[in-house]
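This report covers pockets and helix packing. Have the model open while reading.

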Amino acid sequence: IFAYMKKLLVVLFVLIAHHALSQNLRLAVYQYADNPRIQNLQPLADHLQQQLGLPATVQSYPSVHAFIAAIQKGEVDIAFINTFGYLLLEASQKRYPMEPKVALAVPNPDDNYKTAFVVRAQSPIQKLSDATTFGKQTRLGLVATGSTSGNLVPRLALTKMGIANADQHFQSVTYTGTHAKAIQALLQNEVDMAAMGSSEYEKLDSSAKGQLRPIWISTEIPLGPVLFHKRLNKQLQQQIEQLFMTVHEQAPAVLESIKAAWSEAKQATRFDPITKDNYLPFLLQFGTMKSIQPILLQFVN
């Protein structure tokens with residue numbers, strides 16, 4: 001009987017050890033330009049590991065769409081995704097085992113995260129609605145397929161103006177890769193109209209600004225959510241959520257490191273709890289879900 005008990009204890013020990021290893025928290029993010037953002041999230045992983053007593057790792061995926069695929073496969077426990085990426089997850093027919101829990105909060109945003117449509121100073125396009133007339137003569141520059149301020153919001157704005165399919169309406173649509181390159185493409189006469197995060201335009205010196213003219217600026221865009229995997233037990237989820245909500249007080253350097261990974265997070269002061277409904281008011285200012293859905297489905301994995 002002692003031999004049986006010994007075997008049972010060994011099996012139990014192996015199961016407990018396996019469970020502990022399986023509780024490794026997998027934090028993940030997507031790369032922007034040449035920054036995989038791993039170093040930005042590592043202090044948070046260290047903080048969670050210290051506070052929860054669980055090993056925590058950080059992984060980066062090369063694009064928003066690669067990140068979405070990983071989330072759908074259940075490879076991630078805590079995901080830092082942008083607004084467009086989250087909306088694409090929701091629009092996809094593929095289910096995914098995560099839900100939004102918190103997001104960086106900007107209490108009184110002042111030009112924090114907006115889209116700007118910009119043209120050269122001599123352009124005949126005076127306002128965005130003029131693009132309906134000048135479409136075939138206009139080369140449009142966007143940022144990247146997974147960009148919120150550099151693809152989703154511009155397309156939503158154009159749809160509201162009556163341009164439901166930008167790719168057919170304009171002479172050409174080019175993805176420049178970054179917000180800075182969208183501006184450069186405009187300055188170098190490679191595109192005639194460009195959309196990017198408004199902060200990129202605001203960074204320009206007076207000489208560059210003198211060559212350009214903004215024709216449309218969006219309202220504030222809500223920052224993307226942090227998703228938790230549903231496999232994490234409820235108590236652990238509550239503990240992690242509480243650590244996010246108090247990180248600005250308990251570990252302000254951790255918050256600053258996260259913020260440094262996203263230009264749109266510069267005015268954020270803390271994490272707040274959210275639900276999937278947080279993004280509806282922003283979306284619906286551009287039309288009904290029926291008119292918005294085709295844009296989301298165009299970029300779904």
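## Second largest pocket

The second largest pocket holds about 260 Å³ of space. The model is predicted. Sixteen is the count to keep in mind here: 16 residues line this pocket. Nearest its centre lie Leu104, Ala105, Val106, Pro222 and Leu223.

Two strands stand out in the lining. β4 (98-105) and β11 (270-273) each supply at least two of its residues. The largest share comes from β4, with 3 residues. By class, the lining of the second largest pocket has 12 nonpolar, 2 polar and 2 charged residues.

## Largest pocket

The largest pocket has a volume of about 630 Å³. Its lining counts 36 residues. Which of them lie nearest the centre? They are Tyr30, Tyr32, Arg37, Ser147 and His179.

Four elements give two or more residues to this lining: α3 (64-72), α6 (148-160), α8 (179-187) and α9 (198-202). Of the elements, α9 gives the most, with 3 residues. The lining of the largest pocket divides into 12 nonpolar, 18 polar and 6 charged residues.

The two linings can be set side by side. The largest pocket has 12 nonpolar residues in its lining, and the second largest pocket has 12 as well. Polar residues number 18 in the lining of the largest pocket and 2 in that of the second largest. Charged residues number 6 and 2, respectively.

## Helices α4 and α6

α6 contributes to the lining of the largest pocket. α6 also packs against helix α4 (residues 83-91). Their axes are 9 Å apart, at an angle of about 55°. That angle makes α4 oblique to α6.

On the α4 side, the contact is made by Thr83, Phe84 and Leu87. On the α6 side, Thr148, Asn151 and Leu152 take part. By class, this contact has 3 nonpolar, 3 polar and no charged residues.

## Helices α11 and α12

A second helix pair is α11 (residues 234-250) with α12 (residues 252-259). Their axes come within 6 Å. How do they cross: roughly parallel or roughly perpendicular? The crossing angle is roughly 110°, so α11 and α12 are roughly perpendicular to each other.

Val247, His248, Glu249 and Gln250 represent α11 in the contact. They meet Pro252, Val254 and Leu255 of α12. The contact of α11 with α12 comprises 4 nonpolar, 2 polar and 1 charged residues.

Technical notes: Residues numbered from 1 in each chain as written. Predicted model: local features only at pLDDT ≥ 70, side-chain atom pairs only at ≥ 80, totals over all residues. Heavy atoms only, no water. Axes fitted to C-alpha atoms, helices over the stretch in contact; angles between N-to-C directions. Parallel < 35°, antiparallel > 145°, perpendicular 65-115°, else oblique. Contact = heavy atoms within 4.5 Å. Nonpolar A, V, L, I, M, F, W, Y, C, P; charged D, E, K, R; others polar. 1 Å grid on protein atoms, 1.4 Å probe; cavity = no way out; pocket = protein on both sides within 12 Å on 5 of 7 lines; lining within 4 Å. Points joined across faces, edges and corners; volume = space filled by probe spheres on them.
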